[in-house]
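Trainee: I would like a close look at a single part of this structure, followed outward to its surroundings. Please explain the terms as they arise.

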Protein chains: 2
Amino acid sequence: MALTERLLMGPGPSNPYPEVSAALARPMLGHLDPEFLALLDETCERLRRVFATGNRLTLPVSGTGSAGMEAALVNVVHPGDTGVVGVNGLFGERMAEVASRLGAEVVRVEAPWGEPLDPDALVGAHPSPAAIAFVHAETSTGVRNDVEPVTARKGGALVVLDTVTSLGGMEVDVDGWGVDVCYSGTQKCLGAPPGLAPFTLGPAAWERRTARPPSWYLDMGLIAGYVDGTGGRTYHHTAPVSMVFALHAALGVLLEEGLEQAWQRHEDCGRRLQAGLEALGLELLAPKDHRLAQLTTVLVPDDLPGAMTEADVRRALLERDGIEIGGGVGPLAGKTWRIGCLGHSARPANVTLLLAALAEVLER
Amino acid sequence: MALTERLLMGPGPSNPYPEVSAALARPMLGHLDPEFLALLDETCERLRRVFATGNRLTLPVSGTGSAGMEAALVNVVHPGDTGVVGVNGLFGERMAEVASRLGAEVVRVEAPWGEPLDPDALVGAHPSPAAIAFVHAETSTGVRNDVEPVTARKGGALVVLDTVTSLGGMEVDVDGWGVDVCYSGTQKCLGAPPGLAPFTLGPAAWERRTARPPSWYLDMGLIAGYVDGTGGRTYHHTAPVSMVFALHAALGVLLEEGLEQAWQRHEDCGRRLQAGLEALGLELLAPKDHRLAQLTTVLVPDDLPGAMTEADVRRALLERDGIEIGGGVGPLAGKTWRIGCLGHSARPANVTLLLAALAEVLER
């Protein structure tokens, strides 16, 4: 079968680092093999560095980023709990839905798609919520929500933070900020394929965790018995070995580059992309002071050439140049494109190529 | 980092087919890329052939086999439902636990670990259960549970069947037998890495599915909107692209060999292994008429050489010859070994090697 190469500049997956593709094909090891367990331990240690946390319970959840979201909520949301959820995009909406299915009384704090959440509104929405949950970097809008103004005033609430599109691409400081539960995905700024959810849960959340959550698969009380080698290795489920190899390699590349250097690379690429898009006369959705660098939402212009639709533009990029960018979702479907500079894809040459290709397709 | 090669003859993972390792390293595609969607469709079609089903809802769940179990139950178990669960090993036990967490009234039908379930007991345990759930091939004991004597008399119950260790290694006939919900894992007889759960759900189960299950991640009503291309492609979660590449390749190898030929290969390897173990004077746990070929449970003999423990024997095999076999679990921990002839690992030379190495370590 012919293998098609794509330059992935949508909202994820991004192109994996070459070291990651090589790691995927490593010879298989058993999930209880001492060598695999050592590699898993090292993966968790690398995740602690990337999350900036000392949390013992830091590990890759065996599912995609959305499984990380579910794992975060199912382990701390008790039926009847009040959960404040920030909703200013698809993934905040998803958090509200997941929490609601778990029996939480969800208090929604909304902002328009494209605007940041108001930290005061999140903190003031309820006098004593069990949890406050929101998204750091909204993949659906390209907006950054501020974390510290919320965590600094969280009171007795646990803060659950989605860092799917931020981890590895901009500062995330779980312990410094006081985030209690945090999860991410592997296919964005971490430069690995989709399939695992980096996850960390702190001592306060551990104390208040649900004893027997409805999900057995995502029950951290049980998973900890396998991943945390200090208490023996109790089999829970078979670890997705090849994906752990991939994440281990991706985190190795990231930490070798240096976290701050990687953040800067994402920042530089994203800002150059955004300047280039504006130079083409395109308008960006997110306000400048809360605009992500790694994920940019562009408004589709009214004057597309010929009878082109926005989907035609994406198809033209894909078919001629092999470049993937994303369409809009939810209320932004058909109205926006989403362009990522994520992980290994965040390279100057990729920005140059994309801007040139887009200018040509748009005849600008 | 040095790469260690193992011959994996435990209860899984098995060694992936070489075509699978190559597929893992394929260039990444976006989860909405037309090429990826075509490959996903083909993967689902291949799964239909392997499950022997026409079920439209046939797909890989984005998690390991245990996620498949949870997906199977969370989509059909309503709180308060009566669920009959067959328990004669770890995975039957797990089904009971998962169903119970979902609010089912679980009626346990037990058999001793190492013995098959009694189909009459399963069918007669309750006059009108919502579901009857059990394991086809118990990975913890090496015992086959008969399916048709249950499905033939299921009445109004949905039958939920675990085929984690049977699919691809022995006959599974979802439609012919009348199984309503069936799941498997990729790392056993299918010859792929762990990380996905092949899954199929029939029309009766679809009609009676839970409208809004507590798990958003595993909600088949939503997942169908992405996987089933006939109704458009509604984004749910990002598909684990590389793992789908791997499964697609593994199913290709399996179907090219031929399903019946692969079953026979598992049968031949397993029976030769079992004859060889008995020739070494070892005793097998499972009764002959319900003994799996692909997964053999051997009793640890009393007369291990020197001061060896059973774990020492496994370590000796691993460290000198790079061969992994499994230990026992639950009440069989320390008392049994589990030896798999699964997927690509089910080869005559591997059986020859394992028997020779074991004979040497055991000084028999």
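Mentor: In chain B, strand β2 is joined by 5 bridges to strand β10 (residues 197-201), and the two run antiparallel. Strands are DSSP runs of E with at least two residues, helices are runs of H or I with at least four residues, and both are numbered from the N terminus. Two strands count as paired if DSSP finds at least two bridges between them. Within this pair, B:Thr58 stands opposite B:Thr200 of β10(B).

A word on the basis of this description is in order. The model is predicted, and local features need pLDDT of at least 70, side-chain atom pairs count only at pLDDT 80 or more, and totals for chains, interfaces and linings use all residues. Residues are numbered from 1 along each chain as its sequence is written, while chains are lettered from A and ligands numbered from 1 in the order in which they are written.

The pair belongs to an open sheet of 7 strands in chain B, with the order β2-β10-β9-β8-β5-β3-β4 and mixed pairing. β2 (57-61) and β4 (105-110) of chain B stand at the edges with a single partner strand each, so one side of each has no neighbour in the sheet. On average, neighbouring strands of this sheet are turned by 15 degrees against each other, direction ignored.

Helix α2 (residues 34-51) of chain B lies across β2, β9 (181-183) and β10 of chain B, and runs at about 105 degrees to β2(B). For such angles, axes are lines fitted to C-alpha atoms, for helices over the stretch in contact, and the values run from 0 to 180 degrees between N-to-C directions. Contact between two residues requires that their C-beta atoms, placed from the backbone, lie within 7 Å.

Beyond the sheet, chain B also touches chain A, and this contact takes 52 residues from chain B and 52 residues from chain A. On the chain B side, the elements giving two or more residues are α1 (18-24), α3 (65-74), α4 (90-101) and α10 (241-257). Of these, α3(B) gives the most, with 4 residues. By class, the chain B side has 24 nonpolar, 18 polar and 10 charged residues. Here Ala, Val, Leu, Ile, Met, Phe, Trp, Tyr, Cys and Pro count as nonpolar, Asp, Glu, Lys and Arg as charged, and the others, Gly among them, as polar.
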